[in-house]
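Here is a short note to read alongside the model. Please keep the sequence at hand while going through the numbered points.

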Amino acid sequence: MARRSLLLASLIALPLAASAASASFNSGDEGWTTPVGGTQTWMPTGGNGGGWVQVEDTDGNTDIHLTAPSAWLGDWSAYNGGTFSFDARNVNGLSTDWPGFGEVTISGTAGSVVLDIAAPGQPTADGLWHHYSVSLTSAAGWTGSAPLASVLAHVTGLTINGELHAGPGEIVGFDNIQVTAVPEPASAALLLGGLVLLAGWRRKR
Ligand SMILES: [Ca+2]
Ligand SMILES: [Ca+2]
């Protein structure tokens, strides 16, 4: 019985250690806001799975900056070496002639880093959802006023630039914003240990 408990604890340890945060927008905007650059509306259906958030560029002067809620901020050390990703959609098919789209800015007490994780011309004016993903590693090309790892140690702000068109009028959709950690070797070892125990327990029976 004790071995079974240990096994369960080992299996549970893996997802806890491989931590992640995600915004599915399936029941609301989950605290994400667009303080400047456009008018944000939560949409209950039509996302890349359930609900999503759309921002319409109503001013044409300021880039759309979808901004993370405070619940997302803090110590991101566990995500160092992990992955940040989001889905986006060019809702009304305006030409993608503004390079700002896809810039992810991570601010911290140490400084800030930025990286445009979308290729030029994204998101394509096909009305479909597109996935954008980047490694949280210095090798990915993050630039800024402090090393990526230092910024991740205490994150104070996170924005995604949705501005895809020069001038007003574009409507951009966001869904499935996610940050995930790489599984730690320690938790992988725990899982392996659990599987060995399971094998031994089955053999005894
Ligand atoms: Ca969704
Ligand atoms: Ca615009």
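Where is the place of Asn 176?

1. Asn 176 sits in strand S11, which covers residues 171-180. The model is a predicted one. In it, Asn 176 has a phi near 50°, a positive value in a residue other than glycine. Its relative accessible area is 23%, so Asn 176 is partly exposed; the cut-off for buried is under 20%.

2. Strand S11 is joined to S1 by 4 bridges, and the two strands run antiparallel. One of the residues to look at here is Ala 23, whose bridge partner in S11 is Ile 177.

3. The side chains along S1 alternate between two faces. Ala 21 and Ala 23 point to one face and are buried, whereas Ala 20 and Ser 22 point to the other face and are not buried.

4. Phe 25 is found in the loop between S1 and S2. Its phi is positive, about 55°, although Phe 25 is not a glycine. With a relative accessible area of 0%, Phe 25 counts as buried.

5. Next comes the metal site. Which residues coordinate the calcium ion (ligand 1)? The donors are Ser 24 (O), Asn 26 (OD1), Gly 49 (O), Gly 51 (O) and Asp 175, which is listed twice through OD. They lie at 2.2 to 2.6 Å from the calcium ion. Along the chain, the donors follow the spacing S-x1-N-x22-G-x1-G-x123-D.

6. Two of these donor residues come from separate loops. Asn 26 belongs to the loop between strand S1 (20-23) and strand S2 (39-43), and Gly 49 to the loop between S2 and strand S3 (52-56), so this pair ties together parts that are 23 residues apart in sequence. Asn 26 has a relative accessibility of 42% and therefore counts as partly exposed. Gly 49, at 40% relative accessibility, also counts as partly exposed.

7. Why is the arrangement around the calcium ion (ligand 1) irregular? The 6 donor atoms subtend angles of 51 to 162°, which makes the arrangement irregular. For six donors to count as octahedral, opposite donors must be over 155 degrees apart and all other angles between 65 and 115.

8. The last point concerns a peptide bond. The bond from Gln 122 to Pro 123 is cis, with omega near -10°. Pro 123 lies in the loop between strand S7 (111-116) and strand S8 (129-135).

Key: Residues are numbered from 1 along each chain as its sequence is written. Chains are lettered from A and ligands numbered from 1 in the order in which they are written. This is a predicted model: local features need pLDDT of at least 70, side-chain atom pairs count only at pLDDT 80 or more; totals for chains, interfaces and linings use all residues. Side-chain values use heavy atoms; hydrogens and water are left out. Donors are N, O and S atoms within 2.8 Å of the metal (3.2 Å for Na, K and Ca); water is not among the atoms, so sites may look incomplete. Four donors count as tetrahedral if all angles lie between 85 and 135 degrees; four count as square planar and six as octahedral if opposite donors are over 155 degrees apart and all others between 65 and 115; anything else is irregular. Buried means under 20% relative accessible area, exposed over 50%, partly exposed in between (1.4 Å probe, protein chains only). Two strands pair if DSSP finds at least two bridges between them.
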